[in-house]
Amino acid sequence: MKNNVLGRHLRITRAILATALCGAITFIRAAETPPKPLFPDAAPVCPCESLAKVSLPNTTIDSAKLDPSNGWCRVTATVTHPPSGDRVKVFIGLPVTNWNGRFRGNGGGGFSGGSAGSLRGPVAQGYAAGATDTGHEGGSGSFALDANGRLNWPAIQDNAYLSIHDMTVVGKALTQAFYGKAPRYSYFVGGSTGGRQGLMEAQRYPDDYDGILSACPAINWHRFLPADLWPQVVMVAAKNFVPKAKLDAATAAAVAACDTLDGVKDGVIADPARCACDPKALVGTKVGDDTFTESDAKVIRKIWEGPRGQDGTFLWHGLARGTDLFALAGTSGSPLTGKPFSIPLEWFQYFLLQNPKWDWTTLTPAGFELLWKQSVEQYGTVIGTDDPDLTRFRDRGGKVIILHGLADQLIPADGTIDYYQRVQQRMGGAAKTSQFARLFLAPGVDHGFRGAGATPTGQMEAIVRWVEDGQAPDKLMAEKRDSAGKVIQTRPLFPFPQVAKYKGTGSTDDAANFVAQTPAQ
């Protein structure tokens, strides 16, 4: 019975994670105020169906029709890149009434480039909106191989960067054809892979968007994604698959040890980098029906530390203390065995080894290091999305807000911090970078911005104000709600490297009692 319950929990957890990483992260609250219309009395200048006749290079308009469920114009198109034979599906939604004068691109997640379903919310708020499947259906990484088992580079490039640009070009052209005028401003919004797609647009196609909202971005893809398999490699090498109860105990111990480092007891590690909790304190204690062992401590220590080469050199960041370890160090069955998260596993199978039947349990730490380096060398320039040179995006007036939860269980926030610091170095320092790009870190929330911490709010409004009114966001607000939807806590989030510091008086559930503080370097 115990193993059945654990197996069911693993399946549910993986389903939630797959949904989160596949672009369904709700980091934009539906209750946010829609932006004011930019064109008085904007209305279509042609019937929706006539958009099927619009001629665009290497593009076929497959359908253009009113959606009877909500009355907006829905267009589907196919873009190709001769002579490769690829087929990229593009989905565009155009409000028949109340168009706000803007275009919004929407991202995907994991290996899924995006979906038509992501258009519903933006169109309801008055945006002309677009999304794309980036050249393949579903969330599997199998598209990386062609029918002969060889790398399908056109499909890989479509997924990495080409298709979002295609969608944007098609979307803006159809918007202009439908309303008789081009959108005055364009925004890209995405989380996870969508966050990576947004930053890729800033790096490769800086003219596409005026504002980009990039949440928990899957940048450093070529590094963090193979690193996501590291917890399983550690357990295989140790011949010790750690059960969920022990992983949870280590996380709880870290939170208990480091919760009050910021002066507030709230079940959240405000700055995981300052937390030095060691799992050795748990050795010999009873956890469920088992005793926590030194071998368990070594495994967890290595997961927190992150991938290292055979000579101890740093490869990539590990999971932060306070993060749900079970997401990547999942185990189940009797006897206990590892259950890797599917997305990094498929990265190895399809992209690195080109063998869908590869047995991950044969991977040693030495073999991992070789494949990690292969990933960096083979895919860095294609899908790495870690170019810190945003000169062209800055010079044409673009603005970007980056958000990341410090308890992200899939993409370590340290990788995003590292990227932002490299942007600062490349773009003339912190002050000059903050004129067009700002990073906000949310303590205690995971890849879906859920957890013991407060969830960021108002970020879409913030990017619109910055782009259109020149008001840079000096802070974002975050909030926690109870099961009835009542706000029970608010906290400010300040631009990196600033953190929220409790004043020392008043409720710690009230954002008004916190001020910005820059930690000592």
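Which residues in helix 3 meet which residues in helix 10? Let's start there, and keep in mind that what we have on screen is a predicted model.

On the helix 3 side we have W153, I156, Q157, N159, A160 and Y161, and they meet Q378, Y379, V382 and I383 in helix 10. The two helices pack at an angle of about 55°, with their axes 9 Å apart. With that angle, helix 3 is oblique to helix 10. If you sort the contact by class, you get seven nonpolar residues, three polar and no charged ones.

Okay, so what else does helix 10 pack against? Helix 9, residues 342–352, packs with helix 10, residues 365–383, at an angle of about 75°, and here the axes are 11 Å apart. Anything from 65 to 115 degrees counts as roughly perpendicular, and that is therefore the label for helix 9 and helix 10. Helix 9 brings W347, F348, F351 and L352 to this contact, and helix 10 brings F368, L371, Q374, S375, Q378, Y379 and I383. By class that's eight nonpolar, three polar and, once more, no charged residues.

Now, hang on to W347 and F351. The largest nonpolar core in the model has 69 residues, and W347 and F351 are the ones with the most contacts inside it. The elements giving two or more residues to this core include helix 3, helix 9 and helix 10, and also helix 7 (244–258) and helix 8 (294–305). As a general point, nonpolar side chains in soluble globular proteins tend to be buried together. What does F351 touch, leaving aside its neighbours within four places in sequence? The contacts are F111, G141, F143, A144, L151, I156, E346, Q374, Q378 and Y379. There's also a second, separate core, with 46 residues, among them W99, L390, Y420 and F496.

While we're in this area, have a look at H136. You'll find H136 in the loop between strand 5 and helix 3. Is H136 buried or exposed? Buried: the relative accessible area is 10%, and the cut-off for buried is under 20%. Beyond the residues up to four places away in sequence, H136 touches F111, S112, F143 and N159. F111 and F143 are also on the contact list of F351, and N159 is one of the helix 3 residues that meet helix 10.

Next, the sheets. There's an open one of nine strands, in the order 1-2-3-5-4-6-7-12-13, with mixed pairing. At its edges are strand 1 (59–66) and strand 13 (437–442), each pairing on one side only. On average, neighbouring strands here are turned by 15° against each other, ignoring direction. Helix 3, residues 153–179, packs on this sheet and touches strands 1 through 6, with its direction making about 35° with that of strand 3. Over at the strand 1 end, strand 1 and strand 2 (residues 73–79) run antiparallel, joined by seven bridges, and T60 stands opposite T78. At the other edge, helix 12 (residues 413–426) lies across strand 12 and strand 13, at about 160° to strand 13.

The other open sheet I want to show has three strands, in the order 14-15-16, with antiparallel pairing. Strand 14 (455–457) and strand 16 (487–493) each have a single partner strand, so one side of each is left without a neighbour in the sheet. Neighbouring strands are turned by 35° against each other on average, direction ignored. Strand 14 pairs with strand 15 (residues 476–481) over three bridges, and T457 sits opposite M477.

Then there's helix 14, residues 459–469, which is mostly covered, with eight of its eleven residues buried. Among the buried ones are M460, I463, W466 and V467, but also Q459 and E468. Just after this helix, G470 takes a positive phi of about 75°.

Last stop: F393, in helix 11 (residues 391–395). F393 is buried, with a relative accessible area of 1%. F393 and Y209 are 184 residues apart in sequence, yet their C-alpha atoms are 8.8 Å apart in space. Y209 is one of the residues F393 touches, and the list also includes A202, P206, I212, V400 and F436.

That's my tour, thanks.

Methods:
Residues numbered from 1 in each chain as written. Predicted model: local features only at pLDDT ≥ 70, side-chain atom pairs only at ≥ 80, totals over all residues. Heavy atoms only, no water. Pairing = 2+ DSSP bridges. Helix = DSSP H or I, 4+ residues; strand = E, 2+ residues; numbered from the N terminus. Axes fitted to C-alpha atoms, helices over the stretch in contact; angles between N-to-C directions. Contact = heavy atoms within 4.5 Å. Parallel < 35°, antiparallel > 145°, perpendicular 65-115°, else oblique. Nonpolar A, V, L, I, M, F, W, Y, C, P; charged D, E, K, R; others polar. Buried < 20%, exposed > 50% of the residue type's maximum accessible area, 1.4 Å probe, protein only. Core = buried A, V, L, I, M, F, W, Y, C linked by side-chain atoms within 4.5 Å.
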